[in-house]
Amino acid sequence: DLRQLVRSVCADHRELHPLRPVEVVLPDRAMQFEGDAILIEQILTNFLSNAEKYSPAGQPISVVLERQGEFCICAVSDRGIGIPAAERARIFDRFYRAANVAHLSGTGLGLSLSQTLARLHGGDIHCESIDPGGTRFILKLPGSDLHHARQPQGG
Ligand code: ATP
Ligand code: MG
């Protein structure tokens, strides 16, 4: 159940960063997904650690899990420094870091790894800018029905 996974990642984040408000919205019904929980957690942990690093202390981080058609969507939004539009396409490249984060440390591998992990699960990640300021990262995974339909059929 992805709800449990999201709860656990957010709880870990709160433990590490007790002063950061983390708002979580989960669906009422279970959201089953067949995949490697540790790897999916790694994607969301990367989103949260970026939201933490690239937004001012005290600004909330919002995490929303929902179903959209046949997809499971998990969105992590912050009210931080944002990503310059001209660089948005490159932040998923290995080692790429936008010019506005040069004063903060990082290797530029988190999103590249997250994209690979999402694609290995038949999903993907992307990002959006939030008006007036901030960024939303979205993990999109195929719902369990679709996921099962893709498995090789025996006989
Ligand atoms: P690390 O590999 O240690 O995570 P990193 O955070 O620099 O280093 P990524 O997580 O891959 O690397 O992110 C790549 C770049 O995307 C960042 O350097 C930053 O420019 C931009 N970025 C990612 N998340 C955000 C965010 N929430 N707000 C603003 N910029 C972001
Ligand atoms: Mg990062």
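Confidence in this predicted model averages a pLDDT of 93 over the protein chain, and 93% of the residues score at least 70. For the complex, the predictor reports an ipTM of 0.99 together with a pTM of 0.93. A word of care applies wherever pLDDT is low, since coordinates there should not be read in detail.

A good place to start is the sheet. Strand β2 (residues 61-68) runs antiparallel to strand β3 (residues 71-78), and seven bridges join the two. At the turn end of this pairing, Q68 has F71 of β3 as its bridge partner. Two residues lie between the strands of this hairpin, and G69 takes a positive phi near 60°. Strand β3 also pairs with strand β5 (residues 135-142), again in the antiparallel sense, over eight bridges. Within that pairing, C74 is matched with L139 of β5.

Residue L139 appears again in the largest nonpolar core, which has 22 residues; those touching the most other members are V6, I43, L44, F47, L48, V76 and L139. Two or more residues of this core come from each of α1 (2-16), α2, β2, β3, α3 and β5. Helix α2 provides the largest share, with six residues. The contacts of L44 give a helpful view of how these parts meet: leaving aside neighbours within four places in sequence, L44 is in contact with V6, V9, C74, V76 and L139.

Turning to the ligand, 21 residues surround ligand 1, and the closest of them are N50, A98, G106, G110 and L111. Two helices, α2 (37-53) and α3 (110-120), each supply at least two residues of this shell. By class, the surroundings of ligand 1 comprise nine nonpolar, 10 polar and two charged residues. Helix α2 thus recurs in this account, as a contributor to the ligand shell and as the source of six core residues.

Finally, the loop between α2 and β2 holds Y54. Why is Y54 classed as partly exposed? The class follows from the count of 19 other C-beta atoms within 10 Å of Y54, because a residue is called buried at 20 or more and exposed at 12 or fewer. Not counting residues up to four places away in sequence, Y54 touches D78, G80, I81 and V101. Of these, D78 belongs to β3, whose residues are 71-78. By contrast, L5 lies 49 residues from Y54 along the chain, and the C-alpha atoms of the two are separated by 23 Å.

How values were computed: Residues are numbered from 1 along each chain as its sequence is written. Chains are lettered from A and ligands numbered from 1 in the order in which they are written. This is a predicted model: local features need pLDDT of at least 70, side-chain atom pairs count only at pLDDT 80 or more; totals for chains, interfaces and linings use all residues. A residue is near a molecule or strand if its C-beta atom, placed from the backbone, lies within 6 Å of it. Helices (H or I, at least four residues) and strands (E, at least two) are DSSP runs, numbered from the N terminus. Ala, Val, Leu, Ile, Met, Phe, Trp, Tyr, Cys and Pro count as nonpolar, Asp, Glu, Lys and Arg as charged, and the others, Gly among them, as polar. Two strands pair if DSSP finds at least two bridges between them. pLDDT is the predictor's confidence in each residue, from 0 to 100. A nonpolar core is a set of buried Ala, Val, Leu, Ile, Met, Phe, Trp, Tyr and Cys residues joined through C-beta atoms within 7 Å. Two residues are in contact if their C-beta atoms, placed from the backbone, lie within 7 Å.
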